Amino acid sequence: MIPASSPSTASDKIVSVRDLKFTYEGGIQALKGINLDIRRGEYVAVVGGNGSGKTTLAKNINGLLRPTSGTVMVNGRSASDLTVAQLARVVGYAFQNPDHQLFCSSVVDEVRFGPQNMGFTQEDISTKVERAIEAMDLKGQRDQPPLSLTLGERRRVSIASVIAMTPEVFIVDEPTTGLDARETDDLMASIDRLNQEGRTVILITHDMNLVAKHARRVLVMSEGRIVLDSDPGGAFSDLELLLQSKLVPPPVVQLAHRLSGLGVSRETLSPGELVSRLMLGGGEAK
Amino acid sequence: MIQMRALAAQNVRFKYSGSEHWALDGLSLDVEKGEFVSVLGCNGAGKSTLCLLLNGLIPHAIHGELQGNVEVFGTDVTKKTVAELSTQVGIVFQEPESQLFCMSVEEEVAFGPENLAVPREEIRERVEWALDLVGMSGYNDRSPFSLSGGQKQRVAIAAALSMRPEMLVLDEPAYALDPVGRTELYQFLRELKVRHGMTVLLAERDAEEAALFSDKIVLMKDGRQVAAGTPREMLHDPDKLRAMGIVPPQMSEVASLLNARLPGANFSFITVDEAERAISQSVVGRKVRRSR
């Protein structure tokens, strides 16, 4: 993994976007000039309200949509020179609704489908499939039909089928929508592990608690533009900008702002951090 | 005379046809008229089944085996038709797309009363009233599908309100909304209760908003109620909530960490306002101020 402080070189950049504009048929301009570099191994959250352009940006990076103007470079090559299939080897995209991408009769077939169609050897395919099933904790469900599984499990299958193609960049679009607390924690632990193994993760979400807990860089989007690019602490320190972007910081961040007179940093992200800072400020009570 | 309850459910069991599993398994639950109740539980706890039971879709349209006793505004649900229940209980689902199907917002909101043969003039009044209430006046001719997620959810709520129900049942209505949309929706529901005396029953997995807006919290697990009480009573223990698959209010985690680190501390706040007050007035707050 590349430390946050390492200088960016051309080969570090896995995704590079310049002056990207995108207009949907019918005239809605969803992206109004995006400039963005993402380095190998980063864990980036893209946040913003409904309709801010998050998903449109993701689809321009993996080639499901093509820029109206501007360029998208992926792993040093222009995305416009690559087919969706070629791009899929570098950029994997797990849909917001897993049922949009599940169609096979068993989990293992579903996960095998991608690599099977990419021309790997049988041995390679098996290794990739087994690793993906293991990574998403799906051993117990491997022979079941995906559509018989719970939403949490279906979402794991959809992510496993993407990581089986071993792309370097994983884009996960609102992965925790509809999941309960336990399912969310389990799924996010698996995604964190992928990043720890060196994969670049782009997490699209409007759940600020997820961002505070998992991401190391936050891009705030509003009306088709990136309005802030910062670490999570910095992103949460501008409450006004967040509200304008239809976002509300986690309650603990709101409390930290109100208690800043007691020596609590405005960049506090978790309950544990807040309590430690209070204790440091006041010393241990007898 | 005892006042008639909005809901009185006793020992209710329900099994979907073709399933071996009791989706509701001994549920007892009361809701008073005008109460704002949040039912919290993980996926599979039975929340959606409860919602479907309240407006009669279970057992009238969705079949299965129903046991026990469910009274909505004093009458047994099995003895009412869906049409009768629809004038008492309005239901709003997770994804507004699943219940919007008309070409215009106005048609969508008029659909319910039209099917009850309400006179045309009254339908028009009800549509205007409902759209005004949800803050969507003037959107009459727009296609529901051209609206944002939050606006669609408001139209779905207006469609339920145009039946002039006494109770609104919402199954994770903020599911697809961004954080600002979420907060606005909950504030709106609270206003419906306060200004119009609406009974509100919400199913949720996340306790954060429920902590702010509910009169009563019901914790559900495995098809039954495990506890019910005020938000403070039900939501101050984050470990217990997590074990049930419910996202606890973040402030309850701060309180419980402070209690663990400070001998003798007994914080039980669940909202940011309460936390700010309690911490500022506490030993921690006073000590910090002295040391500055």
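The legends below describe close-up views of a predicted model with chains A and B.

Residues are numbered from 1 along each chain as its sequence is written, while chains are lettered from A and ligands numbered from 1 in the order in which they are written. Because the model is predicted, local features need pLDDT of at least 70 and side-chain atom pairs count only at pLDDT 80 or more, whereas totals for chains, interfaces and linings use all residues.

**View 1. Chain B as a whole, with its 13 helices and 10 strands.** Helices (H or I, at least four residues) and strands (E, at least two) are DSSP runs, numbered from the N terminus. Along its principal axes, the C-alpha trace of chain B spans about 70 × 45 × 40 Å. The radius of gyration of chain B is 21 Å, which agrees with the value near 19 Å that a compact globule of 292 residues would have; this radius is taken over C-alpha atoms, and the globule rule is 2.2 Å times the number of residues to the power 0.38. Buried residues make up 50% of the 292 residues in chain B, where a residue is buried if 20 or more other C-beta atoms, placed from the backbone, lie within 10 Å of its own, exposed if 12 or fewer do, and partly exposed in between. Of the contacts in chain B between residues at least 6 apart in sequence, 65% join residues at least 24 apart, two residues being in contact if their C-beta atoms, placed from the backbone, lie within 7 Å.

**View 2. The two domains of chain B and the contact between them.** The domain assignment of chain B gives domain 1 (7–233) and domain 2 (249–292), with bounds that come from an automatic or database domain assignment. Taken over C-alpha atoms, the centres of these two domains of chain B are separated by 36 Å, and their contact takes six residues from domain 1 and five residues from domain 2. On the side of domain 1 of chain B that touches domain 2, two or more residues come from each of α8 (207–213) and α9 (231–235) of chain B, and α8(B) gives the most, with four residues. By class, this side of domain 1 of chain B has four nonpolar, no polar and two charged residues; Ala, Val, Leu, Ile, Met, Phe, Trp, Tyr, Cys and Pro count as nonpolar, Asp, Glu, Lys and Arg as charged, and the others, Gly among them, as polar.

**View 3. The two domains of chain A and the contact between them.** Chain A is divided into domain 1 (10–243) and domain 2 (250–286), whose C-alpha centres lie 33 Å apart. The contact takes nine residues from domain 1 of chain A and seven residues from domain 2 of chain A. Elements giving two or more residues to the side of domain 1 of chain A that touches domain 2 are α7 (208–214) and α8 (232–237) of chain A, and α8(A) gives the most, with five residues. The residues of this side divide into five nonpolar, four polar and no charged.

**View 4. Helix α5 (residues 151–163) of chain A and the elements around it.** This helix of 13 residues reaches 18 Å from its first C-alpha to its last, close to the 18 Å expected at 1.5 Å a residue, the expected span being 1.5 Å times one less than the number of residues. Helix α5(A) is mostly covered, with 11 of its 13 residues buried, including A:Val157, A:Ile159 and A:Val162. The buried residues of α5(A) pack against β6 (91–94), α3 (107–116), α4 (122–135), β7 (169–173) and α6 (181–196) of chain A.

**View 5. Strand β7 of chain B, seen around B:Met167.** Four bridges join β6(B) (residues 89–92) to β7(B) (residues 167–171), and these strands run parallel; two strands pair if DSSP finds at least two bridges between them. In β7(B), the bridge partner of B:Ile91 is B:Val169. B:Met167 counts as buried because it has 24 C-beta neighbours inside 10 Å. Leaving aside neighbours within four places in sequence, B:Met167 is in contact with B:Ala6, B:Gln88, B:Val89, B:Thr199 and B:Leu201.
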